[in-house]
Amino acid sequence: MTAAGWSNWAGTERVSPARVVAPSTTDGVAMAVKDAVRDGLAVKAIGSGHSFTGVAVAPGVQIRPDALNGVVSVDRESGLVTVEAGIPLHQLNPLLLRHGLAMEVLGDIDRQTIAGAISTGTHGSGRGFGTISTQVRGLELVLADGSVVTCSPDERPELFAAARTSLGALGVITKVTLQCVPLYALQVVDSPMPVAEVFERFDELFATYDHFEFFWFPHTDTALTRRFTRVPADTELKPMSRLTRTIDDKLVTNIGFEAMLRLGTRLPRAVPGITRFVTRAVSAREFTDHAPKVFASERNVRFREGEYAVPPAAAVDGLREIKRWIDRTGEKVSFPFEVRYVKADDISLSVAHDRDVVPISFHQYHRMPHETFFGACEDIFGAAGGRPHWGKMHRLDAAALRERYPRFDDFVALRDQLDPTGVFANPYLDRVLGPAPQSTSKA
């Protein structure tokens with residue numbers, strides 16, 4: 001973010017908004033929307049800029065969340081917590097911990113705002129756990145006419161079903177009520193495993209642990225597995241030592257990895273060796289700590305990312321097929337696949353709508369070409385029935401997405417009802433949802 005404009009974390013999207021506002025109240029957001037409509041400008045609220053797509057690009061009025069980061073209420077007995085939409089997860093989690101609470105599940109990055117996380121369908125991993133949006137129990141939004149509404153399972157349920165993962169297309173979220181759970185700890189086992197064994201035991205591994213995921217550099221035969229078991233918060237904690245965290249999470253996977261990838265950019269033939277070295281250098285480890293201190297990892301090396309959520313039965317075959325493509329073409333892939341599991345839900349545009357899914361993330365270092373590799377991943381995982389993550393790079397449009405989401409047309413109809421002129425539109429939303437019916441291309 002600069003004085004001249006805005007860019008997302010990955011540097012894949014840039015824009016110079018016509019106007020930037022940073023309201024500190026819901027009324028301030030409503031006024032910003034009304035002023036934009038008066039001036040014929042589209043409006044987008046941004047989060048932390050961690051989406052790789054143009055979902056938050058604001059050519060018209062950009063609403064920044066910095067001042068909407070307060071805590072409205074905490075009910076420790078019920079676990080219901082209401083916060084303003086701009087609070088980042090890395091600030092929310094310590095606050096919950098002080099109240100003896102935690103979010104039910106988190107992703108592996110905590111830089112997102114709560115509104116940004118739910119709007120794009122952010123998720124963690126666990127056969128018994130859905131996306132972060134499934135933890136939402138109520139929302140406050142500013143609609144295209146500047147009115148303020150609330151929704152929940154009992155109040156405007158149709159809006160609630162759609163707004164929990166809405167891409168910012170229905171309104172500006174200003175408050176979020178979350179169903180939190182009593183604070184818990186995680187017993188963690190990080191260890192390498194032959195990728196052939198992971199594929200063979202795929203269903204068993206995801207069924208055995210509360211949270212399981214693995215990373216696999218496709219030029220290697222080894223998967224780096226993460227196994228988490230949930231235990232009570234008063235379990236004796238054995239956190240990772242500062243030395244281990246410094247070596248593994250800073251020197252190896254950030255500082256050292258960045259240096260090696262810069263070399264790989266100049267000498268692509270070195271990339272397979274680099275990924276094999278990094279796989280061997282990451283140490284096996286076991287520790288126990290409170291959940292918010294475990295789920296998220298530090299990610300400083302910039303990359304491009306796509307992700308498709310495929311049916312569980314198709315995941316291993318898809319990974320084997322993309323491995324054959326890489327071996328056949330000689331494509332150099334500098335980052336690992338990340339493979340997780342998400343429970344089915346009833347949210348209209350959730351990648352897990354009506355079915356369990358295995359999200360497969362594919363990455364490439366930001367200085368290296370990604371287009372051919374990402375295209376192959378989209379072809380293979382898309383043919384397996386995969387749905388792309390809304391905050392990660394993909395090439396699909398409304399016509400293709402309509403076939404993958406049973407309630408796609410219901411969502412678009414609600415969008416057309418609430419925002420017929422495209423106040424909250426932008427080029428990305430026009431592509432993935434289709435233009436609003438009375439849009440005058442303000443986006």
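Which residue stands opposite Leu80 in β11? Select Leu80 and look across to the neighbouring strand: the residue facing Leu80 there is Gln179. Before going on, keep in mind that this is a predicted model.

**Stop 1: the sheet around Leu80**

Colour β7 (80-84) and β11 (172-179). These two strands run antiparallel and are joined by five bridges. Now widen the selection to the whole open sheet, which has five strands in the order β6-β7-β11-β9-β10, with antiparallel pairing. At its edges you will find β6 and β10 (148-151), each of which pairs on one side only. Turn the sheet and you can follow its twist, which averages 15° from one strand to the next.

**Stop 2: helix α2**

Next, select residues 89-98, which form helix α2. Which of its residues are buried? They are Leu89, Leu92, Asn93, Leu95 and Leu96. Look down the axis of α2: the buried residues fall within an arc of 165°, so they line one face of the helix. Residues three or four places apart in an α-helix point the same way, because there are 3.6 residues a turn.

What covers these buried residues? The cover includes three strands you have already met, β6 (71-75), β7 (80-84) and β11 (172-179), together with β8 (101-102) and α3 (114-119). Before leaving, click on Gly100, which follows α2 and has a positive phi, near 75°.

**Stop 3: Ile63 and its surroundings**

Move to strand β5 (residues 61-63) and pick Ile63. Is Ile63 buried or exposed? Its relative accessibility is 2%, so Ile63 counts as buried. Show Ala22 as well: 41 residues separate Ile63 and Ala22 along the chain, yet their C-alpha atoms are 5.7 Å apart. Setting aside neighbours within four places in sequence, the contacts of Ile63 include Val21, Pro23, Val29, Ala32 and Val43. Another of its contacts is Val172, a residue at the start of the range of β11 (172-179).

**Stop 4: three strands side by side**

Select strand β13 (residues 184-194). On this visit, look for two partners. With β16, strand β13 pairs in the antiparallel sense over six bridges. With strand β15 (residues 222-232), β13 also pairs in the antiparallel sense, over 11 bridges.

Some residue pairs make good landmarks. Val188 has Phe287 in β16 as its bridge partner, and Gln187 stands opposite Thr288 in β16. Towards β15, Asp190 has Arg226 as its bridge partner. Now show β16 (residues 285-290) by itself: five of its six residues are buried, so this strand is largely enclosed by the rest of the structure.

**Stop 5: helix α8**

Select residues 271-281 for helix α8, where the buried residues are Val271, Pro272, Ile274, Thr275, Val278 and Thr279. Around the axis they cover an arc of only 160°, which puts them on the same side of α8.

**Stop 6: a pair of helices**

Show helix α9 (residues 312-329) together with helix α10 (residues 371-383). How do they pack? The angle is about 145°, and the axes lie 10 Å apart. The crossing of α9 and α10 is right-handed. To see where they meet, display side chains on both: α9 brings Gly318, Leu319, Glu321, Ile322, Trp325 and Ile326, while α10 brings Thr372, Phe373, Ala376, Cys377, Ile380 and Phe381.

**Stop 7: Ser348 in its loop**

Between β18 (337-339) and β19 (358-365) runs a loop, and Ser348 has its place there. Ser348 is buried, with a relative accessible area of 2%. Add Arg164 to the view: Ser348 and Arg164 are 184 residues apart along the chain, and 8.5 Å separates their C-alpha atoms. Beyond its neighbours within four places in sequence, Ser348 is in contact with Ala161, Ala162, His353, Tyr405, Arg407 and Phe411.

**Last stop: the core**

Finish with the largest nonpolar core, which has 126 residues. Ile114, Phe214, Ile322, Phe337, Phe373, Phe381 and Leu433 have the most contacts inside it. Choose Leu433: not counting residues up to four places away in sequence, Leu433 touches Leu167, Ala169, Leu349, Ala398, Phe408, Phe411, Val412 and Arg415. Apart from this core lies another, of 14 residues, among them Val29, Ala30, Ala144 and Phe424.

Key: Residues are numbered from 1 along each chain as its sequence is written. This is a predicted model: local features need pLDDT of at least 70, side-chain atom pairs count only at pLDDT 80 or more; totals for chains, interfaces and linings use all residues. Side-chain values use heavy atoms; hydrogens and water are left out. A nonpolar core is a set of buried Ala, Val, Leu, Ile, Met, Phe, Trp, Tyr and Cys residues joined through side-chain atoms within 4.5 Å. Buried means under 20% relative accessible area, exposed over 50%, partly exposed in between (1.4 Å probe, protein chains only). Contact means heavy atoms within 4.5 Å. Helices (H or I, at least four residues) and strands (E, at least two) are DSSP runs, numbered from the N terminus. The arc is that of the directions from the helix axis to the C-beta atoms. Two strands pair if DSSP finds at least two bridges between them. Axes are lines fitted to C-alpha atoms, for helices over the stretch in contact, and angles run from 0 to 180 degrees between N-to-C directions. A crossing is left-handed if the near helix is turned anticlockwise from the far one by less than a right angle, and right-handed if clockwise.
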